[in-house]
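Subject: Structure handover

Hello,

Here is the structure I said I would pass on. Please open it first, then read the notes under it.

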Amino acid sequence: MATKEDLIKGLNEDLAAELGTVIRYTYQASKSYGLMGMELRELFAEETQDELGHAAFLTDVIVDLGGEPTTMPKQFEKPESIKAMLELDLEMERQDVEAYMAHASLAEELGLVELKMKLEEMAADEAGHARELRRILKGL
Ligand SMILES: [Fe+2]
Ligand SMILES: [Fe+2]
């Protein structure tokens, strides 16, 4: 049986991942050179706004549930090539989709309908990010 504490723990892992992604995309935007880099900087800037929104939402929810939101970003690898960078991002976005779907189920078990739907929406946002990354990776 899922508990509120399980959910808070899960959402804090999601929050750490979002904070890490904001930093990762900001870092990667600066490390993207050349013409391809120009397109990537735009994409990263756009997606960073989504991730910031996700982080803010999670922070509010964790507080509302009586938890303490983390301020520690998840650490990430720093591959040199653009291709390896994007492959890492794609894998991270996929992991985020899985985590949000798992935590949406947890929220549903606890009867938190709005949270369940919002987490599913965030899973869909991450799936959209993954699709964009796949599209760019196809051209590399
Ligand atoms: Fe996100
Ligand atoms: Fe994302």
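A crossing of two helices is called left-handed if the near helix is turned anticlockwise from the far one by less than a right angle, and right-handed if clockwise. By that rule, H3 passes H4 in a left-handed crossing. Please keep in mind that this is a predicted model.

Helix packing

Two packed helices are described by the angle between their axes and the distance between the axes. For H3 and H4 the angle is about 165° and the axes are 8 Å apart. Angles over 145 degrees count as roughly antiparallel, and H3 and H4 are therefore roughly antiparallel to each other. Sorted by class, the residues in the contact of H3 with H4 are 16 nonpolar, 2 polar and 10 charged.

The second pair is H2 and helix H3, which covers residues 82-109. Their axes come within 14 Å and cross at roughly 25°. Angles under 35 degrees count as roughly parallel, so this description applies to H2 and H3. The crossing of H2 past H3 is left-handed. On the H2 side, the contact is made by Met36, Leu40, Phe44, Glu47, Glu51, His54 and Leu58. On the H3 side, Ile82, Leu86, Asp89, Glu93 and Tyr100 take part. The residues of this contact between H2 and H3 divide into 7 nonpolar, 1 polar and 4 charged.

The iron ion (ligand 1)

Which residues coordinate the iron ion (ligand 1)? The donors come from Glu18 (OE, listed twice), Glu51 (OE), His54 (ND1) and Glu126 (OE), at 2.0 to 2.4 Å. Along the chain, the donors of the iron ion (ligand 1) follow the spacing E-x32-E-x2-H-x71-E. Distant parts of the chain are linked here by a pair: Glu18 in helix H1 and His54 in helix H2 are 36 residues apart. Both Glu18 and His54 are buried.

The iron ion (ligand 2)

The iron ion (ligand 2) has protein donors from Glu51 (OE), Glu93 (OE, listed twice), Glu126 (OE) and His129 (ND1). These donors lie 2.0 to 2.4 Å from the ion. Their spacing along the chain is E-x41-E-x32-E-x2-H. Glu51 lies in helix H2 (residues 34-64) and His129 in helix H4 (residues 113-138), so this pair ties together parts that are 78 residues apart in sequence.

How far apart are the iron ion (ligand 1) and the iron ion (ligand 2)? They lie 4.0 Å apart, and Glu51 bridges them.

Are Glu51 and His129 buried or exposed? A residue counts as buried if its relative accessible area is under 20%. Glu51 is at 0%, so Glu51 counts as buried. His129 is at 5%, so His129 is buried as well.

Other residues to look at

Thr21 is in helix H1, which covers residues 4-30. Thr21 counts as buried because its relative accessibility is 2%. Leaving out residues up to four places away in sequence, Thr21 touches Glu51 and Asp96. Glu51 is the residue that coordinates both iron ions.

His103 lies in helix H3. With a relative accessible area of 11%, His103 is buried. What does His103 touch, not counting residues up to four places away in sequence? The list is Leu7, Gly10, Leu11, Asp14 and Leu119.

Ala84 is also found in helix H3. At 26% relative accessibility, Ala84 counts as partly exposed, because the buried class needs a value under 20% and the exposed class one over 50%. Ala84 and Leu137 are 53 residues apart in sequence, and their C-alpha atoms are 9.6 Å apart in space.

Asp64 belongs to helix H2. Its relative accessibility is 68%, so Asp64 counts as exposed. From Asp64 to Ala123 there are 59 residues in sequence and 21 Å in space, C-alpha to C-alpha.

If you want a place to begin, find Glu51 in the model: Glu51 coordinates both iron ions, is one of the H2 residues in the contact with H3, and is touched by Thr21.

Regards

Definitions and conventions:
Residues are numbered from 1 along each chain as its sequence is written. Chains are lettered from A and ligands numbered from 1 in the order in which they are written. This is a predicted model: local features need pLDDT of at least 70, side-chain atom pairs count only at pLDDT 80 or more; totals for chains, interfaces and linings use all residues. Side-chain values use heavy atoms; hydrogens and water are left out. Donors are N, O and S atoms within 2.8 Å of the metal (3.2 Å for Na, K and Ca); water is not among the atoms, so sites may look incomplete. Helices (H or I, at least four residues) and strands (E, at least two) are DSSP runs, numbered from the N terminus. Buried means under 20% relative accessible area, exposed over 50%, partly exposed in between (1.4 Å probe, protein chains only). Axes are lines fitted to C-alpha atoms, for helices over the stretch in contact, and angles run from 0 to 180 degrees between N-to-C directions. Angles under 35 degrees count as roughly parallel, over 145 as roughly antiparallel, 65 to 115 as roughly perpendicular and the rest as oblique. Contact means heavy atoms within 4.5 Å. Ala, Val, Leu, Ile, Met, Phe, Trp, Tyr, Cys and Pro count as nonpolar, Asp, Glu, Lys and Arg as charged, and the others, Gly among them, as polar.
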